[in-house]
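Reader: I would like to learn how to read a structure like this one, feature by feature. Could you walk me through it?

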Amino acid sequence: MEMKKYAVLTLLLSLFTTTYCQNDEPSTLNSRYKVVGEKMQGVWDINNDIMIVDSIYDHVEIHDVGIIVCQYTSFVSYGVVKKLPAPVFESYDINGEKIARNVDYLLQADSMPYTLSLDFARSKGIREVEPMVELMKGMHYEKKKMRREAYKHYMNVYNQYPEFTLAKELADNIMNDMNNERAKIKREIEQEEEMRKIRDAQYTNPYLAFAESMSSLANTLNSIDQNDKAKRNNQPATTSKAKPTSGKNKKGSQQKETKRATSHERERVCNFCGGTGRCYYMFDLYASNKHCHGTGKCTECHGEGICRSRHTNDYMVCPLCNGKKTCCFCSGSGRCSRCNGSGKIKTVN
């Protein structure tokens with residue numbers, strides 16, 4: 001309300017001041033009221049012989065419209081005179097009643113953290129400056145995208161001065177924007193998780209099918225081997241007398257027996273890691289890039305446990321290792337999960 005009064009007052013002052021400057025007749029108000037004081041000025045009512053405006057201002061003007069306009073251009077704080085970057089105006093009627101005050105120019109000319117404005121307000125006992133400074137601080141932080149700090153200053157104003165509804169509106173706008181952004185990020189994280197599950201399923205299903213087929217083949221070969229052994233054990237034993245053999249022939253026969261005993265098991269290069277023994281997968285380029293190649297670290301987050309979302313660029317728990325930081329295929333050992341790091345696997349013939 002005071003701001004609106006001051007805007008109207010300023011317009012009236014400008015109009016009447018122009019009229020007064022063009023008129024050479026002496027002012028009737030100036031014949032009754034007199035500006036007194038040198039360093040600090042006030043207004044004296046000559047007819048009633050009383051001081052209607054105290055001598056506390058740096059400059060005072062009496063206008064024909066019946067308004068006395070006073071200015072602060074400096075103030076004293078703890079014995080030190082401080083210059084204001086812009087004047088503060090106070091207006092009185094001809095009875096000495098204060099009708100308006102304007103500190104807008106001072107706040108616009110001052111800068112963070114508005115220490116000069118606060119010192120001036122406290123030295124003069126002007127209460128409304130402090131909430132206005134808090135509001136200006138909130139606008140400063142909001143302009144710098146520091147919304148939490150801006151929200152705190154807006155709510156400080158509203159909690160101390162509930163009639164200052166503008167501060168509450170500004171605080172609510174910030175909170176609504178932050179809630180909308182949180183909801184958007186949550187949706188994007190959920191979409192990212194769904195995409196990860198789909199990618200994992202596309203990789204894991206062929207891998208499991210191949211592992212099951214290899215296991216089935218091994219079981220079949222093992223069954224055939226067991227049947228062959230059973231058949232050999234069921235053959236009737238021969239009663240022919242063995243001929244004595246020399247030491248050389250006996251050694252050769254032992255080597256043949258050993259060779260026959262191990263002829264059903266052979267080693268070949270691991271088809272998962274290509275014989276390197278490291279965590280690797282040769283059958284799929286996408287899956288190979290997810291294996292650690294012997295480092296033991298998760299390839300998605302590089303062993304950090306967190307990574308940036310592809311949608312929001314914000315940090316999130318690694319979707320591949322679930323924050324464990326280790327490779328999910330070798331559990332951090334760096335060894336091939338098929339051959340356990342040997343580079344070879346045994347096959348049954």
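Reader: Happy to start with the contacts: of those with a separation of 6 or more, what percentage do residues 24 or more positions apart account for?

Author: Good place to begin, and please keep in mind that this is a predicted model. Residues 24 or more positions apart supply 45% of the contacts in the protein with a separation of 6 or more. For the overall picture, the protein has 349 residues, of which 31% count as buried. About 23100 Å² is exposed, and carbon and sulfur atoms supply 52% of that area. The secondary structure comes to nine helices and eleven strands.

Reader: How should I read a sheet, and in what order do the strands E1, E2 and E3 stand?

Author: Start with the strand order, then look at the pairing and the edges. Here three strands form an open sheet in the order E1-E2-E3, with antiparallel pairing. Strand E1 (33–36) and strand E3 (50–57) each have a single partner strand, so one side of each has no neighbour in the sheet. On average, neighbouring strands of this sheet are turned by 15 degrees against each other, direction ignored. Strand E2 (residues 41–45) pairs with E3 over four bridges, in the antiparallel sense. You can pick out one of the partners by eye: Val43 has Val53 in E3 as its bridge partner.

Reader: Which strands make up the open sheet of four?

Author: Its order is E4-E5-E6-E7, and the pairing is antiparallel. At the edges you find strand E4 (59–63) and strand E7 (98–102), each pairing on one side only. The twist from one strand to the next averages 20 degrees.

Reader: What should I look at where E6 meets E7, and how many residues lie between them in the hairpin?

Author: Look at the turn, then follow the residues that face each other across the pair. E6 and E7 form a hairpin with four residues between them, and Gly96 in the turn has a positive phi of about 85 degrees. Strand E6 (residues 80–93) is joined to E7 by four bridges, and the two run antiparallel. Along the pair, Glu90 stands opposite Arg101 in E7, while Ser91 stands opposite Ala100 in E7.

Reader: What should I expect of side chains along a strand?

Author: In a regular strand, side chains alternate between the two faces of the sheet. To see what packs on this sheet, turn to helix H4 (residues 115–124), which lies across strand E5 (67–77) and E6. The helix runs at about 110 degrees to E5.

Reader: Now the charges: how many salt bridges does the structure hold?

Author: The general idea is that side chains of opposite charge can pair when their charged atoms come close. This structure holds nine salt bridges. In one of them, Glu128 meets Arg101, with the closest N and O atoms 2.5 Å apart. Glu128 sits in the loop between H4 and helix H5 (129–143) and Arg101 in strand E7, so the pair links distant parts of the chain, 27 residues apart.

Reader: Is each partner buried or partly exposed?

Author: Buried means under 20% relative accessible area. Arg101, at 15%, therefore counts as buried, whereas Glu128, at 27%, counts as partly exposed. This pair also belongs to a network of salt bridges that links Glu90, Lys98, Arg101 and Glu128.

Reader: Which residue pairs with Glu181 in a salt bridge?

Author: Glu181 meets Arg147, at 2.9 Å from N to O. Because Glu181 lies in helix H7 and Arg147 in helix H6 (residues 147–160), the pair ties together parts that are 34 residues apart in sequence. Glu181 is partly exposed at 38% relative accessibility, and Arg147 is partly exposed at 26%.

Reader: How far apart in helix H7 are Glu193 and Arg196?

Author: They are three residues apart, which means a separation of about one helical turn. Their side chains meet in a salt bridge at 2.6 Å, N to O. Glu193 is partly exposed at 27%, but Arg196 is buried at 13%.

Reader: One last feature: which residues make the nonpolar surface patch?

Author: Leu217, Leu221 and Ile224 make it, with an area of about 240 Å². Leu217 lies in helix H7 (residues 165–234) and counts as partly exposed because its relative accessibility is 45%.

Methods:
Residues numbered from 1 in each chain as written. Predicted model: local features only at pLDDT ≥ 70, side-chain atom pairs only at ≥ 80, totals over all residues. Heavy atoms only, no water. Pairing = 2+ DSSP bridges. Axes fitted to C-alpha atoms, helices over the stretch in contact; angles between N-to-C directions. Contact = heavy atoms within 4.5 Å. Patch = residues over 30% accessible without salt bridge, like charges linked within 9 Å, V, L, I, M, F, W, Y side chains within 5 Å. Areas by Shrake-Rupley, 256 points an atom, 1.4 Å probe, with all protein chains shown as cover. Salt bridge = Lys/Arg side-chain N within 4 Å of Asp/Glu carboxyl O. Buried < 20%, exposed > 50% of the residue type's maximum accessible area, 1.4 Å probe, protein only.
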